[in-house]
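Student: I should like to learn how the terms used for a protein structure are justified. May we go through one example together?
Tutor: Certainly; please look at the structure below and ask about each term in turn.

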Amino acid sequence: MDDGFELRVSDRKGEGIFATRSFKAGETVMVGVIEKRLKKNHSHASQIGENEYVFHAGSISKVNHSCNPNCGIRINETGAHDFAAIREIIADEEITFDYAMRNYGVDYFPKECMCGSEICRGKVTGWKDLPEARKTIYEGFVAPYLLEMDIKYCAEQA
Ligand SMILES: [Zn+2]
């Protein structure tokens, strides 16, 4: 059965997930399944709440970051992250998302960003360091707790 994506080795970044068919904007590309809940952050963990981290099962953990991604995050009924297409994706395109859509801060990516997009930020940053204009573009495609944390910390600063 064709899931619509598969693991391939990309020359720049090692392993990546690639589309095997086209997806329309808004379509669910990958369905998230929580494999394990964690007590603290880990280099391969996904943040799903202010202090909640999980491992996602299967290929979803292999999706690479891009500063100009074609997918975003949508929470499904299990609390896991689905990847949904922000824009149309064509077959053979690499599936990417922005780590800032999921992590408030990024603790485990100190090195330069390798995404190669024209609007690369240079360094992989979390939501708290994302420019406002990008946050607007990602509206509807980020983990909801990030927005809650923005409100909370803005209120604390005021
Ligand atoms: Zn980048």
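Student: Where is the place of I95?
Tutor: This is a predicted model. In it, I95 lies in the loop between β9 and β10.

Student: What makes I95 count as buried or exposed?
Tutor: The criterion is relative accessible area, and buried means under 20%. I95 has a relative accessible area of 0%, so the residue is buried. The C-alpha atoms of I95 and A85 are 8.9 Å apart, although ten residues separate the two along the chain.

Student: Which residues touch the most other members of the largest nonpolar core?
Tutor: That core has 31 residues, and V29, M30, F83, I89 and I95 touch the most other members. At least two residues of this core are supplied by each of β2 (14-19), β3, β8, β9 and α2 (144-157). The largest share, three residues, comes from α2.

Student: Why is the arrangement around the zinc ion called tetrahedral?
Tutor: Consider the donors beforehand: the SG atoms of C67, C113, C115 and C120 coordinate the zinc ion at 2.3 to 2.4 Å. Four donors count as tetrahedral if all angles lie between 85 and 135 degrees. Here the four donor atoms subtend angles of 106 to 113°, and therefore the arrangement is tetrahedral. For comparison, the ideal angle for four tetrahedral donors is 109.5 degrees.

Student: What spacing do the donors of the zinc ion follow along the chain?
Tutor: The spacing is C-x45-C-x1-C-x4-C.

Student: Is C113 counted as buried or exposed, and how do you know that?
Tutor: The relative accessibility of C113 is 12%. Buried means under 20%, so C113 counts as buried.

Student: What makes C120 count as partly exposed?
Tutor: Partly exposed is the class between buried, under 20%, and exposed, over 50%. C120 has 29% relative accessibility, and therefore counts as partly exposed.

Student: How many disulfides does a search of the whole structure find?
Tutor: The search finds zero disulfides. A disulfide requires a pair of cysteine sulfur atoms within 2.5 Å. In chemical terms, a disulfide is a covalent bond between the sulfur atoms of two cysteines.

Student: Why do β3 and β8 stand at the edges of their sheet?
Tutor: The sheet is open, with three strands in the order β3-β9-β8 and antiparallel pairing. β3 (28-30) and β8 (71-75) each have a single partner strand, so one side of each is left without a neighbour in the sheet. On average, neighbouring strands of this sheet are turned by 50° against each other, direction ignored.

Student: How do you know that β3 and β9 pair?
Tutor: Two strands pair if at least two bridges are found between them. β3 and strand β9 (residues 81-85) have two bridges, in the antiparallel sense, so the definition of pairing is met. Within this pairing, T28 stands opposite A84 in β9.

Student: What is the order of the strands in the sheet that contains β4?
Tutor: The order is β4-β6-β5, in an open sheet of three strands with antiparallel pairing. β4 (34-38) and β5 (46-49) stand at the edges, because each has a single partner strand. Neighbouring strands of this sheet are turned by 40° against each other on average, direction ignored.

Student: What makes β4 and β6 a pair?
Tutor: At least two bridges are required. Four bridges join β4 to strand β6 (residues 52-56) in the antiparallel sense, so the requirement is satisfied. The bridge partner of L38 in β6 is Y53.

Student: Why is G16 called buried?
Tutor: G16 is found in strand β2. Its relative accessible area is 0%, and so G16 is buried. G16 and N64 are 48 residues apart in sequence, yet 6.1 Å apart in space, C-alpha to C-alpha.

Student: Why is G14 called partly exposed?
Tutor: G14 also has its place in strand β2. The relative accessibility of G14 is 28%, so this glycine counts as partly exposed. The C-alpha atoms of G14 and L147, 133 residues apart along the chain, are separated by 32 Å.

Technical notes:
Residues are numbered from 1 along each chain as its sequence is written. This is a predicted model: local features need pLDDT of at least 70, side-chain atom pairs count only at pLDDT 80 or more; totals for chains, interfaces and linings use all residues. Side-chain values use heavy atoms; hydrogens and water are left out. Axes are lines fitted to C-alpha atoms, for helices over the stretch in contact, and angles run from 0 to 180 degrees between N-to-C directions. Donors are N, O and S atoms within 2.8 Å of the metal (3.2 Å for Na, K and Ca); water is not among the atoms, so sites may look incomplete. Four donors count as tetrahedral if all angles lie between 85 and 135 degrees; four count as square planar and six as octahedral if opposite donors are over 155 degrees apart and all others between 65 and 115; anything else is irregular. Buried means under 20% relative accessible area, exposed over 50%, partly exposed in between (1.4 Å probe, protein chains only). A nonpolar core is a set of buried Ala, Val, Leu, Ile, Met, Phe, Trp, Tyr and Cys residues joined through side-chain atoms within 4.5 Å.
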